[in-house]
Amino acid sequence: MEFAVQEYDSAQAYLADPHNDCDILYMDIDMPKMTGMELAERIRETNGEIILIFCTNLEQFALNGYSVSALGFLVKPVQWYSLRLYLDRALKVLRKREQRAREAQARRIVIKNGAVSKVTDAASIRYVEVQQHYLFYHMLERDGEAGDVLKIRGTMQEAADLLEPRGFVRCSSSFLVNLEHITAVSRMNVYLGEDVLPLGRTYKDAFTREFSRFLAKKGWGDPC
């Protein structure tokens with residue numbers, strides 16, 4: 001793993017550096033003018049991602065670290081075991097963030113409507129409906145409610161090629177549904193909140209198979 005180390009001789013020096021966007025910050029608590037805890041509070045006003053690890057001989061301040069979401073405390077003199085323990089924990093946090101970022105990037109798609117291209121997250125699409133030569137993308141609002149409907153010219157096969165690798169499955173010849181937004185399934189229908197989509201006989205086996213895999217991945221068991 002490539003890394004770089006930057007040192008600061010005070011909290012003020014850290015705050016004055018326009019390039020202080022580090023991933024992991026080790027800092028003392030007992031510092032002149034501004035304590036490490038005060039610096040942590042300043043940092044948390046604008047940055048909730050940076051990993052904070054205190055290095056201190058003031059064990060009585062350890063509980064205060066929870067208020068600034070510190071990963072942990074290294075008690076001076078710092079022992080190799082403790083240093084490695086918290087560094088390993090910090091790297092695990094960073095790797096999980098990187099994985100989430102990659103997954104979010106993989107979900108982003110481009111929906112082209114003539115000369116206009118809309119970049120969106122596939123997770124914000126509830127289902128796609130085809131009518132004649134047009135696709136209707138039924139979107140999701142931020143509050144979880146049904147949102148706008150985007151109408152573009154295209155075929156269901158084009159939508160399937162784009163979205164099936166991102167967790168969508170066809171439930172009929174006219175509908176492609178996001179498995180994440182299904183709230184119920186019956187013998188004849190697929191439910192997404194108040195929206196009811198038909199479950200076509202031709203697509204039923206493939207849909208049930210994919211829906212079962214989705215539930216198993218989530219740890220929710222198979223559908224009844």
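**Close-up views of a predicted model**

**View 1. Leu-140 in strand E7.** Leu-140 has its place in strand E7, which comprises residues 134-140. The model shown in this and the following views is a predicted one. With a relative accessible area of 26%, Leu-140 is partly exposed, because the partly exposed class lies between the buried class, under 20%, and the exposed class, over 50%. Ile-51 lies 89 residues from Leu-140 in sequence, and the C-alpha atoms of Leu-140 and Ile-51 are 33 Å apart in space.

**View 2. The open sheet of strands E11, E12 and E13.** Three strands form an open sheet in the order E11-E12-E13, and their pairing is antiparallel. Strand E11 (184-185) and strand E13 (195-198) each have a single partner strand and stand at the edges, so one side of each is left without a neighbour in the sheet. E11 and E12 run antiparallel and are joined by two bridges, and in this pairing Ala-184 has Tyr-191 of E12 as its bridge partner. Strand E12, which spans residues 189-192, pairs with E13 in the antiparallel sense over four bridges. Among the bridge partners in E13 are Pro-198, which is matched with Asn-189, and Leu-197, which is matched with Val-190.

**View 3. The hairpins and the two faces of strand E12.** The hairpin that joins E11 to E12 passes through three residues, whereas the hairpin of E12 and E13 has two residues between the strands, and in this hairpin Gly-193 takes a positive phi near 65°. Of the two faces of E12, the covered one carries Val-190 and Leu-192, while the uncovered one carries Asn-189 and Tyr-191.

**View 4. The salt bridge of Asp-195 and Arg-126.** The structure holds five salt bridges, and one of them is formed by Asp-195 and Arg-126, whose closest N and O atoms are 2.9 Å apart. This pair links distant parts of the chain, since Asp-195 belongs to strand E13 and Arg-126 to strand E6 (residues 125-131), with their positions 69 residues apart in sequence. The two partners fall into separate accessibility classes: Asp-195 is partly exposed, with a relative accessible area of 23%, whereas Arg-126 counts as buried at 7% relative accessibility.

**View 5. The salt bridge of Lys-76 and Asp-28.** The side chains of Lys-76 and Asp-28 meet in a salt bridge with an N to O distance of 2.6 Å. Here too the pair links distant parts of the chain, 48 residues apart: Lys-76 lies in the loop between strand E3 (72-75) and H3, and Asp-28 in the loop between strand E1 (24-27) and helix H2 (36-44). Lys-76 counts as partly exposed, at 38% relative accessibility.

**View 6. Charged residues of helix H3 and a positive surface patch.** Asp-88 and Arg-84 meet through their side chains in a salt bridge, at 3.8 Å from N to O. Both residues belong to helix H3, where they are four residues apart and therefore separated by about one helical turn. Asp-88 counts as partly exposed at 35% relative accessibility, and Arg-84 likewise counts as partly exposed, at 47%. A positive surface patch is formed by Arg-89, Lys-92, Arg-95, Lys-96 and Arg-100, and of these residues Arg-100 lies in helix H3, which runs over residues 80-107.

Definitions and conventions
Residues are numbered from 1 along each chain as its sequence is written. This is a predicted model: local features need pLDDT of at least 70, side-chain atom pairs count only at pLDDT 80 or more; totals for chains, interfaces and linings use all residues. Side-chain values use heavy atoms; hydrogens and water are left out. Patches are made of residues with over 30% relative accessible area and no salt bridge: like charges are joined within 9 Å, nonpolar side chains (Val, Leu, Ile, Met, Phe, Trp, Tyr) within 5 Å. Accessible areas come from the Shrake-Rupley method with a 1.4 Å probe; for residues, only the protein chains shown count as cover. A salt bridge is a side-chain nitrogen of Lys or Arg within 4 Å of a carboxyl oxygen of Asp or Glu. Lys and Arg count as positive and Asp and Glu as negative; His and the chain ends are not counted. The place of a charge is taken as NZ of Lys, CZ of Arg, CG of Asp or CD of Glu. Two strands pair if DSSP finds at least two bridges between them. Buried means under 20% relative accessible area, exposed over 50%, partly exposed in between (1.4 Å probe, protein chains only).
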